[in-house]
Amino acid sequence: MSSKILICTHREFNYIQDNSFLPIHVGKEISSLNLPYQSDNTGSNISKKNKNYCELTALYWAWKNLNEVDTIGLCHYRRFFDFSDTTSANTIIEITEEYFSTNFENYIYKENLLDGYDIILPNPLVKTRSLYSHYALSHLPEDFDILAKTVAKLHPEYIKSFQKVMFENNSFSPFNMLVAKKELVDDYTTWLFSILEDVEQQIEISTNPYQERVLGFMSERLINVYVYHNQLKIKYLPVHFVADKYKSKSRLMKKVVEYNNNIIFWFRSKLTKKNHLKSIK
């Protein structure tokens, strides 16, 4: 048995040649590229839904097809856990490809890292508002309404945990990144996809390239509900972003993109927010 940390990618990239890593081409079913990596469209898969499920098409593939492992992790081709467990690692957000290559040992999973813990998640992001309000600011609150009702319908034992995490809390572990024993990953994915597949049938998925990732955005919040409800012992680790020296956006440009997206959905969210709050209480 072994550990596999899936690296989700839609393009060729330089990565650490280590047996614990498994680069996986997400959205292969709808891509014209032939990358030299594992594809997410083999076996049982949802590869064609990558635009809506994002990196979850890799997680789904691992859940259904990756059997000869005892630990599964998920990261992105430009987002990696720093496993060094050093104080300095927590002060870093963005790194260069040169730094990544020079310090590659920091990003290789070590078998004893889960000792005493159930799951590894990214350091929480702290927002100025609840997770519901944060979601409603950039996305459609009526979709969140459907999500809440679906959780209540399929998993009523999670209602209180959902309310606590989404409405009384302002931090979450983002990116859908994790590392855990396969048994736990299987339990989580069974729970997660039962919800998302039901939600998918009820919502009208936007054609906006950002908003069509709706199910991936929802799962970023849902994993926090799952770990809270199950009282899992979490090891939080920093995530380092490997900047593309040719396409790196400045922090200012990232903020511009964020604000533009907020403006697009501000008016519609205002119209539905009051009715939404009444319907879930």
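## A tour, starting at strand S10

Pick Ile 120 first, then look across to strand S10: the bridge partner of Ile 120 there is Val 179. Before you go on, keep in mind that you're looking at a predicted model.

**Stop 1: the strands around S10.** Select residues 119-122, which make up strand S7. S7 and S10 run antiparallel, and two bridges join them. Now add residues 71-76, strand S4, and residues 178-181, which are S10. S4 and S10 also pair in the antiparallel sense, over four bridges. Want one residue pair to zoom in on? Try Thr 71, whose bridge partner in S10 is Lys 181.

**Stop 2: zoom out.** Show the whole protein chain as a cartoon, and you have nine helices and 12 strands to find. How much of the chain is buried? Of its 281 residues, 50% count as buried. Switch on the surface, and what you see exposed comes to about 14100 Å², with carbon and sulfur atoms supplying 51% of it. Take contacts between residues at least 6 apart in sequence: 75% of them join residues at least 24 apart.

**Stop 3: the nonpolar cores.** Select Leu 6, Ile 119, Phe 162, Trp 191, Leu 192 and Leu 222. The largest nonpolar core has 57 residues, and these six touch the most other members. Stay on Leu 6 and show what surrounds it. Leaving aside neighbours within four places in sequence, Leu 6 is in contact with a list of residues that includes Leu 22, Ile 24, Ala 58, Trp 61 and Leu 74. There's also a second, separate core, this one with 25 residues, among them Ile 5, Phe 100, Tyr 107 and Ile 120. So you've already met one of its members: Ile 120, the partner of Val 179.

**Stop 4: helix H2.** Select residues 56-65. Why is H2 described as largely enclosed by the rest of the structure? Because eight of its 10 residues are buried. Among those buried residues are Ala 58 and Trp 61, both of which also turned up as contacts of Leu 6. Trp 63 is buried too, and the charged end of Lys 64 sits over the ring of Trp 63, 4.1 Å from its centre.

**Stop 5: rings.** Colour the aromatic residues, because there are 23 aromatic pairs in this structure. Zoom in on Phe 100 and Tyr 107: their ring centres are 5.0 Å apart and their planes sit at 45 degrees, so this pair is tilted. Both residues are buried. Next, go to Tyr 188 and Trp 191, with centres 6.2 Å apart and planes at 35 degrees, so this pair counts as tilted as well. Both lie in helix H7 (residues 182-202), three residues apart, which is about one turn of the helix. Tyr 188 and Trp 191 are both buried. For a bigger group, select Tyr 132, Tyr 135, Phe 144, Phe 162 and Phe 167, which form one aromatic cluster. Then check Tyr 117: the charged end of Lys 233 sits over its ring, 5.5 Å from the centre.

**Last stop: Thr 150.** Select residues 141-154 to bring up helix H5, and find Thr 150 in it. Is Thr 150 buried or exposed? It's buried, with a relative accessible area of 1%. Which residues does Thr 150 touch, not counting those up to four places away in sequence? Show His 155, Ile 195, Asp 198, Val 199 and Gln 202, and you have them.

Methods:
Residues are numbered from 1 along each chain as its sequence is written. This is a predicted model: local features need pLDDT of at least 70, side-chain atom pairs count only at pLDDT 80 or more; totals for chains, interfaces and linings use all residues. Side-chain values use heavy atoms; hydrogens and water are left out. Two strands pair if DSSP finds at least two bridges between them. Rings of Phe, Tyr and Trp (its six-membered ring) pair if their centres lie within 6.5 Å; planes under 30 degrees apart count as stacked, over 60 as edge-to-face and the rest as tilted. Buried means under 20% relative accessible area, exposed over 50%, partly exposed in between (1.4 Å probe, protein chains only). A charge sits over a ring if NZ of Lys or CZ of Arg is within 6 Å of the ring centre and within 35 degrees of the ring normal. Contact means heavy atoms within 4.5 Å. Accessible areas come from the Shrake-Rupley method with a 1.4 Å probe; for residues, only the protein chains shown count as cover. A nonpolar core is a set of buried Ala, Val, Leu, Ile, Met, Phe, Trp, Tyr and Cys residues joined through side-chain atoms within 4.5 Å.
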